[in-house]
Amino acid sequence: MATCPNCGDNFDRLGLHWWHGTCPYPELSEQQRQMLVGLLMGDGSIPDRTDNEIFHLPMINRRFLRWFDEKMGVMTTGVSLKKTAAQLAAHNRESGFSPNAAVENYHDMYTVWTRTHPYITELREWYATGEKRFPTDIELSSTVAKFWYACDGYLDFGRWGRPRAGIKARNEQNRSAALESLFEEAPVTPSYRRHELRFSCDDTERLIDWLGAPPPGFSYKWTIDSKDRYRSRKRTAYETYATHNGK
Ligand SMILES: [Zn+2]
């Protein structure tokens, strides 16, 4: 049961209550909208339904999901376990995707679902071609970029000593110019090669600075000053913020 912020009544399916028009859909703040856009560029998706689209965010990082669920208020329905590590490994073995998938290399997958909302229906237009494509008029604010980077970004300390950032964007291949132009207003100029945007060492520092504070659960991706600290924070993220068959 959830409480409608407008009339104060409780409903099993609050989205349906709003859809019927008895009460208006809640307003989404600018911050919530930008967060959804950034997450949709990354791990978020809006599965195909005939109407009343809902957004979902599957992730192993339960810490971030709990924070996201709270930030979205009445718009989301909590963090739920989607598949255990054992189920994921078994699925990848059976599908042939990874015939030797070992359960110890997997984490439990959690997910947060939103309720229906006209803004989510609007975002579903990203799928007009049949697969998810970033619209060309997307406004890459630092907030949008922050949540995209939290999902698909990474740091590579490699052999340079200074880290380089990258953002994976496999769904956008053959659109390198469009991807690079997203950053026209940003203080960085990444280049798109082999399914990802790559940043120089200097641009990596500018990028992290521009993105602002990391969202909970992802501080390791912001740790550019020390490889050791980066590694220990990353370990924490996988060991403490994620679970393994419920543990
Ligand atoms: Zn109501």
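His195 sits in the loop between S8 and S9, and its phi is positive, at about 70°, even though His195 is not a glycine. This is a predicted model, and that loop is one of a few spots worth a look. The others are a 43-residue nonpolar core, the mostly covered helix H6, and the place where H2 and H6 cross.

**The S8–S9 loop**
- His195 has 12 other C-beta atoms within 10 Å. The cut-off for exposed is 12 or fewer, so His195 counts as exposed.
- Arg194 is in the loop between strand S8 (191-193) and strand S9 (196-198) as well.
- Arg194 isn't a glycine either, yet its phi is positive, at about 45°.
- Arg194 is exposed, because it has 9 C-beta neighbours inside 10 Å.

**The largest nonpolar core**
- Which residues touch the most other members of this core? They are Leu39, Leu57, Leu65, Phe147 and Trp148, out of 43 residues.
- At least two core residues apiece come from helix H2 (30-41), strand S3 (56-59), helix H3 (62-71), strand S5 (109-114), helix H6 (142-152), strand S7 (164-168) and helix H8 (201-211).
- H6 gives the largest share, with seven residues.
- The core lies between domain 1 (26-127) and domain 2 (142-240), because both of them give residues to it.
- Take Leu57: setting aside neighbours within four places in sequence, its contacts are Leu39, Asp43, Gly44, Leu65, Phe68, Thr111 and Val112.

**Helix H6**
- Eight of the eleven residues in H6 are buried, so the helix is mostly covered.
- Those buried residues are Val144, Ala145, Lys146, Phe147, Trp148, Tyr149, Ala150 and Cys151. Yes, there's a lysine in that list.
- What do they pack against? H2, strand S6 (153-156), S7 and H8.

**Where H2 meets H6**
- The two helix axes come within 7 Å and cross at roughly 35°, and the crossing is right-handed.
- On the H2 side, the contact is made by Gln31, Gln34, Met35, Val37, Gly38, Leu39 and Met41.
- From H6 come Thr143, Val144, Ala145, Lys146, Phe147, Trp148 and Cys151.
- Sorted by class, this contact has nine nonpolar, four polar and one charged residues.
- Leu39, Phe147 and Trp148 turn up here too, and they are among the residues that touch the most other members of the core.

Conventions:
Residues are numbered from 1 along each chain as its sequence is written. This is a predicted model: local features need pLDDT of at least 70, side-chain atom pairs count only at pLDDT 80 or more; totals for chains, interfaces and linings use all residues. A nonpolar core is a set of buried Ala, Val, Leu, Ile, Met, Phe, Trp, Tyr and Cys residues joined through C-beta atoms within 7 Å. A residue is buried if 20 or more other C-beta atoms lie within 10 Å of its own, exposed if 12 or fewer, and partly exposed in between; C-beta atoms are placed from the backbone. Helices (H or I, at least four residues) and strands (E, at least two) are DSSP runs, numbered from the N terminus. Domain bounds come from an automatic or database domain assignment. Two residues are in contact if their C-beta atoms, placed from the backbone, lie within 7 Å. Axes are lines fitted to C-alpha atoms, for helices over the stretch in contact, and angles run from 0 to 180 degrees between N-to-C directions. A crossing is left-handed if the near helix is turned anticlockwise from the far one by less than a right angle, and right-handed if clockwise. Ala, Val, Leu, Ile, Met, Phe, Trp, Tyr, Cys and Pro count as nonpolar, Asp, Glu, Lys and Arg as charged, and the others, Gly among them, as polar.
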